[in-house]
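Trainee: I would like to practise reading strands, overall form and a chain-chain contact from a model. Could we go through them in turn?
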Amino acid sequence: MQLSAKCAVGALAFVVVMSHSVHAVFLEGIEEPLATIASAAYEAALTSDVNLGPEVVAERWGELGMLMQAHNLHEQAITAYSNALTEIADPRWLYLRSIAYGELGQVEKSVDDLILVTSAISDVAIIWYRLGQAMLNADRRSDAERALTRALELDKDLAIAHMTLADVQILNADFAGAKASLLRAYEIQPYAGQIAYRMARVERELGDLNTSQEWIRRRANQFAPTIEDSMLSMVAQYSTNPTFFISAARRAWERGDRETALDAYRRAIALDPENAENLIGFAQLLTALNRNDEATQVLDSLEKVAPREGMLWYLRAVVLLEKDLVLAAQNAIEKAMEIDPTPQAVALAREIRQLRSYD
Amino acid sequence: MRALLYAWVICAFYVHGDIEFREVAVEAGVDFVHQSGAIGKRWTLEITGAGIALLDYDGDGKLDIWVVQGGPLKDRSGELPSDRLYRNVSEGSELKFQDVTGTVGLGAEYYGMGVVTGDVDNDGDTDVITLNFGRNQLFLNWGSRFEKRVDEALMKPSEWSISGSLADLNDDGWLDLYIANYMEFPPIDKYKVCRRLSTRVGYCAPSNFDPTPDRLLLNEGNGVFRDVSEEVGIQSAAERGMGVVVDDLNGDGSPDIYVANDMAMNFLWLNQSGGTFLNDALLSGVAVNGHGMREASMGVAVSDWDRDFDPDLFLTHDIKESNTLYSYEHAGWFSDQSIQSGLAPPSLPKTGFGTVFFDAENDGDLDVFIANGSVSMIDAQLSRRIEPPLRQTNQLFVNDGAGKFAENDATTLSQFEEVSRGVAMGDLDNDGDVDLVVSNNDGPVRVHQNLSINSSGERNEWLGVRLLTLGRDAIGAVAWLEGEIKERKVVRTDGSYASAHDPRLVFGLGRTSTSQTLHVKWPNGVKETFSDLAINKYHELTQSTP
């Protein structure tokens with residue numbers, strides 16, 4: 001399902017109308033850009049007259065759930081999916097709700113939903129893997145093993161299922177079994193550092209310290225094996241609103257995952273290349289990371305769409321200063337001061353003046 | 001058959017009951033409110049402090065409360081708010097404290113973060129070290145007042161220290177000091193803001209700042225420290241240290257150092273022969289979680305939660321990361337038991353800081369308390385203009401005695417939505433159960449008095465000990481019971497986050513009503529057994545051959 005931001009607003013408009021009469025509106029606490037969209041939709045919807053069947057109502061609730069989930073608003077997503085499910089028992093919403101429950105640490109509810117999903121759709125490996133992982137999180141090891149075995153029957157190359165099966169085997173002290181599972185996972189996705197780390201642990205348990213250390217050395221990163229989850233991709237694709245990616249970038253930045261943050265910004269800007277706010281945010285990130293050449297390119301783009309943006313000239317000054325181009329930096333900060341003399345611009349101007357005084 | 005026997009043992013001795021706490025700070029006279037210095041600039045520094053300590057500074061047998069203060073960040077001229085010391089003047093079960101800050105020689109010069117306690121000059125009273133953004137400070141205790149001692153090794157300028165541990169690391173009878181340093185932080189007027197959603201100023205993530213190496217100071221006698229960080233190998237790695245504990249973590253009889261690092265692999269500094277330390281966290285299984293992922297570690301607690309006589313570690317983490325329980329397996333090898341123990345999933349929506357293992361109802365197993373408070377702004381609070389918009393409730397997890405924890409949110413421990421940071425444990429009313437004090441960033445101190453009872457409506461039995469060697473608390477001494485109740489405890493004041501605990505040990509005994517035999521391994525390795533210890537009272541046990 002590919003939905004545009006416009007469609008998302010339409011969906012919101014509808015569900016908020018429904019919520020007006022049937023369900024509680026739950027806009028409190030959502031982030032500002034999303035709240036703006038939702039409020040606009042709500043106002044638009046109040047003037048509409050709709051009378052639709054349960055399939056459409058469920059679909060719209062589900063769409064709202066995906067939008068919320070795409071913004072990491074899991075509690076709101078659960079409410080929306082639950083509303084959808086009161087209309088129609090659609091496994092899609094159960095599946096996504098299970099993931100939202102998992103994000104909130106509510107593992108038993110996640111398991112319950114996934115059991116229902118697997119009884120409706122029994123031939124998708126990734127769903128069985130999710131069930132296995134949820135069972136493991138609930139410490140239901142034999143159930144987890146069964147679910148993961150089923151996942152691997154459906155897709156023998158699902159590396160993450162092999163690795164999670166190894167987790168169950170490690171917990172059961174079946175280190176030989178775990179080693180076999182991990183070697184298979186490694187064969188499929190050798191670049192996933194989490195597999196190498198587990199191998200190190202297993203080899204240590206098996207008494208081979210040298211091999212354990214060798215696996216520690218092979219652990220080049222802390223990535224899990226990648227998976228392709230079309231339902232979750234749908235959540236991401238649903239949110240073609242760039243704020244989704246901005247939100248993702250912010251969260252990645254806050255947890256120190258710089259590359260993910262930068263990548264999310266790139267995607268947001270690709271969706272809305274003339275959004276000055278996003279360009280500023282991206283340039284700030286690059287500046288903070290001292291990636292000054294890339295920052296300059298972004299600032300060039302920003303200058304084309306918003307040449308009178310004070311932040312543009314402030315950031316230019318920062319970048320130029322980093323490159324020891326003090327005179328050019330002074331010119332830039334003077335422009336920034338002329339447009340928007342923010343305290344940080346004033347401070348930087350003072351700093352640059354001081355540097356110039358040493359010349 | 002063994003399972004049946006085990007179940008019977010659990011039923012017979014580990015009697016669960018009603019866990020009940022009462023929050024009494026204001027009525028008991030503890031009116032402290034932390035000042036973060038926040039003025040809307042969202043400096044990362046302002047959301048990090050501060051800690052709290054329980055110590056008997058005046059030797060009257062009652063635990064007093066030392067609370068760490070922050071204060072203004074931008075302009076620290078003029079009169080500054082100070083750390084505060086509340087003297088315990090309780091009679092009976094009613095807790096009463098008197099603010100004695102003005103009379104005991106405290107005075108803040110730096111922005112406070114954490115506190116460490118221990119007798120650094122072996123004169124029989126508890127000294128205090130405050131860890132600051134800026135110079136750290138040593139307060140030597142002279143019985144009824146403190147004297148600030150200028151110690152060059154301790155007072156390195158411009159460091160941001162959060163947690164510390166006092167322990168005799170080189171077996172010379174003097175308590176040495178490990179300091180977990182956080183990160184470089186620019187002068188406030190040079191601080192570059194970080195923005196959320198491009199426009200809104202938010203707290204900068206730690207990754208914006210360079211880490212600072214931790215430091216190890218050897219006590220050369222009488223509380224005179226010498227910085228040996230470089231020569232012992234501690235400075236070979238730098239991460240953002242937040243919590244620290246010392247224990248024998250590989251079973252070789254020497255104290256090792258474990259450091260919880262923010263957004264980085266944790267350290268396990270193993271004590272080598274020759275006085276050096278080697279970081280073996282990764283191979284030991286305690287650098288990253290069981291999945292192999294580093295986490296944003298904040299607080300740390302160490303104790304024998306599974307009663308198999310070895311030290312287990314519990315770490316608190318950021319939101320969307322589970323807290324992690326590392327269970328000691330054998331030969332210095334730990335396994336991640338977070339999921340099996342039930343501690344992982346409920347921690348996902350919270351950001352944990354201070355944490356303690358303690359026996360809430362004295363039923364013979366260890367429960368877990370976690371002081372929570374976000375570091376990322378919570379939109380729902382921001383939109384309601386709640387400051388700081390980081391409030392979360394704390395969590396108590398009750399041990400069922402068979403290896404599973406379940407959250408109990410029915411006590412005052414989980415009642416307040418605040419920005420909690422430190423937690424310290426100790427028996428404030430000397431009634432044999434462990435009370436908790438919680439420090440809140442930009443908020444009040446909470447004093448949670450333990451009123452728990454068992455299922456018969458009675459209090460469970462207990463055994464309290466204070467272990468002494470060289471005229472002071474025997475930090476690092478290991479004590480264990482091998483009878484119906486099996487448990488290993490270590491005399492310590494470290495752990496949690498930026499905080500310090502009562503060094504006395506309380507063993508919960510459930511309904512076991514017989515006198516107890518306690519085995520002790522003193523810090524110098526000498527073992528001793530104390531028999532026929534009457535229950536439901538504290539015993540002062542002194543090493544016979546120190």
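Mentor: We can start with one strand, bearing in mind that this is a predicted model. In chain B, strand β12 (residues 176-181) is mostly covered, with six of its six residues buried.

Trainee: Which residues of β12(B) lie on one side and which on the other?

Mentor: The general idea comes first. Side chains in a regular strand alternate between the two faces of the sheet. In this case, one side of β12(B) holds B:Asp176, B:Tyr178 and B:Ala180, and the other holds B:Leu177, B:Ile179 and B:Asn181. Every one of these residues is buried, which leaves both faces covered.

Trainee: Over how many bridges does β11 of chain B pair with β12(B)?

Mentor: Pairing is read from the bridges and their direction. Strand β11 (residues 161-167) of chain B is antiparallel to β12(B), and six bridges link the two. Strand β15 (residues 215-219) of chain B is also joined to β12(B), through three bridges in the antiparallel sense. To follow the register, take B:Leu177 in β12(B): opposite this residue stands B:Leu166, and its bridge partner in β15(B) is B:Leu217.

Trainee: Why is strand β25 of chain B described as largely enclosed?

Mentor: Count the buried residues along the strand. In β25 (residues 352-358) of chain B, seven of the seven residues are buried, so the rest of the structure largely encloses this strand. Its antiparallel partner is strand β26 (residues 367-372) of chain B, joined to β25(B) by five bridges. One pair to look at is B:Phe357 with B:Val368 of β26(B), which stand opposite each other.

Trainee: How does the radius of gyration of chain B agree with that of a compact globule?

Mentor: The value is set against what the chain length would give. For 546 residues a compact globule would have a radius near 24 Å, and chain B, at 22 Å, agrees with this. Along the principal axes, the C-alpha atoms of chain B fill a box of roughly 65 × 50 × 50 Å. Buried residues amount to 60% of the 546 in this chain. The secondary structure of chain B consists of seven helices and 42 strands.

Trainee: How many residues of chain A are in contact with chain B?

Mentor: For an interface, count each side, then ask which elements supply the residues. Here 40 residues of chain A contact 34 residues of chain B. Several helices of chain A each give at least two residues to the side touching chain B, among them α2 (32-46), α7 (125-137) and α20 (343-357). By class, that side of chain A has 13 nonpolar, 13 polar and 14 charged residues.

Technical notes. Residues are numbered from 1 along each chain as its sequence is written. Chains are lettered from A and ligands numbered from 1 in the order in which they are written. This is a predicted model: local features need pLDDT of at least 70, side-chain atom pairs count only at pLDDT 80 or more; totals for chains, interfaces and linings use all residues. A residue is buried if 20 or more other C-beta atoms lie within 10 Å of its own, exposed if 12 or fewer, and partly exposed in between; C-beta atoms are placed from the backbone. Helices (H or I, at least four residues) and strands (E, at least two) are DSSP runs, numbered from the N terminus. Two strands pair if DSSP finds at least two bridges between them. The radius of gyration is taken over C-alpha atoms; the globule rule is 2.2 Å times the number of residues to the power 0.38. Two residues are in contact if their C-beta atoms, placed from the backbone, lie within 7 Å. Ala, Val, Leu, Ile, Met, Phe, Trp, Tyr, Cys and Pro count as nonpolar, Asp, Glu, Lys and Arg as charged, and the others, Gly among them, as polar.
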